[in-house]
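Reader: I should be grateful for a close look at the nonpolar core of this protein, together with its surroundings. Please set it in the context of the whole fold and then move outward to the surface.

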Amino acid sequence: QVQLEESGGGLVQPGGSLRLSCKASGSIFSIAAMGWYRQPAGKQRELVATITRRDRRDYGDSVKGRFTISRDDAENTVLLQMNSLKPEDTDVYYCKAIRVATPDGVSDYWGQGTRVTVGS
């Protein structure tokens with residue numbers, strides 16, 4: 001089985017910063033990409049940022065220039081540096097591991113989410 005361990009959420013003032021971390025663990029052969037998503041009220045889950053195994057990065061339009069996704073030195077870990085946070089960034093952020101190869105095959109996995117609240 002594959003587990004995604006998310007951390008770094010919390011309360012921050014507008015204009016502040018947070019760093020989210022997600023580590024995938026289990027009997028993993030490879031991971032094609034990892035990233036972060038959020039789901040505004042009444043809408044479908046949307047892309048925040050992803051990074052592939054070859055370090056290609058993709059960002060949602062609303063976070064470009066403010067958020068940076070990267071890989072940690074540790075294996076199977078993705079980081080999201082969030083700067084200049086706005087109240088509209090408030091949401092639950094979900095980590096996703098894409099095309100994870102294990103002894104059982106290839107599947108996507110979701111974390112259970114970490115809450116980010118931007119306000120006073």
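Author: Strands here are DSSP runs of E of at least two residues, and helices are runs of H or I of at least four residues, both numbered from the N terminus. Counted in this way, the protein has 11 strands and zero helices. The model is a predicted one. From the N terminus on, its elements read β-β-β-β-β-β-β-β-β-β-β.

The overall dimensions come next. Along the principal axes, the C-alpha atoms fill a box of roughly 45 × 30 × 20 Å. The radius of gyration is 14 Å, which agrees with the value near 14 Å that a compact globule of 120 residues would have. Among contacts with a separation of 6 or more, 53% join residues 24 or more positions apart. Buried residues account for 42% of the 120 residues.

This leads to the core itself. In soluble globular proteins, nonpolar side chains tend to be buried together. The largest nonpolar core in this model holds 28 residues, and W36, L80 and M82 are the members that touch the most others. Two or more residues of this core come from each of strand 1 (2-7), strand 3 (18-26), strand 4 (30-38), strand 5 (46-52), strand 7 (67-71), strand 8 (77-82), strand 9 (91-102) and strand 11 (114-118).

L80 deserves particular attention. With residues up to four places away in sequence set aside, L80 touches L18, R19 and L20, then W36, then V48 and A49, and finally F67, T68 and I69. One of these partners, W36, is itself named with L80 among the core residues that touch the most other members.

From the core, the description passes to the open space in the model. The largest pocket encloses about 240 Å³ of space. Its lining comprises 14 residues, of which I31, R71, E75, N76 and T77 are the closest to the centre. Strand 4 and strand 8 are the elements that give two or more residues to this lining. The contribution of strand 4 is the greatest, at four residues. By character, the lining divides into seven nonpolar, five charged and two polar residues. Strand 4 and strand 8 also appear among the elements that supply two or more residues to the largest nonpolar core.

Two residues are notable for their backbone angles. S84 lies in the loop between strand 8 and strand 9, and its phi is near 50 degrees, a positive value in a residue other than glycine. S84 has a relative accessible area of 40%, so it counts as partly exposed. R99 is placed in strand 9. Although R99 is not a glycine, its phi is also positive, at about 50 degrees. The relative accessibility of R99 is 53%, and the cut-off for an exposed residue is over 50%, so R99 counts as exposed.

The last site to consider is Q13, in the loop between strand 2 (10-12) and strand 3. Q13 has a relative accessible area of 58% and is therefore exposed. Apart from neighbours within four places in sequence, Q13 is in contact with V118 and G119. V118 falls within strand 11 (114-118), one of the strands that give two or more residues to the core. The C-alpha atoms of Q13 and D72 are separated by 26 Å, and these residues are 59 apart along the chain.

How values were computed
Residues numbered from 1 in each chain as written. Predicted model: local features only at pLDDT ≥ 70, side-chain atom pairs only at ≥ 80, totals over all residues. Heavy atoms only, no water. Core = buried A, V, L, I, M, F, W, Y, C linked by side-chain atoms within 4.5 Å. Buried < 20%, exposed > 50% of the residue type's maximum accessible area, 1.4 Å probe, protein only. Contact = heavy atoms within 4.5 Å. 1 Å grid on protein atoms, 1.4 Å probe; cavity = no way out; pocket = protein on both sides within 12 Å on 5 of 7 lines; lining within 4 Å. Points joined across faces, edges and corners; volume = space filled by probe spheres on them. Nonpolar A, V, L, I, M, F, W, Y, C, P; charged D, E, K, R; others polar. Rg over C-alpha atoms; globule rule 2.2 N^0.38 Å.
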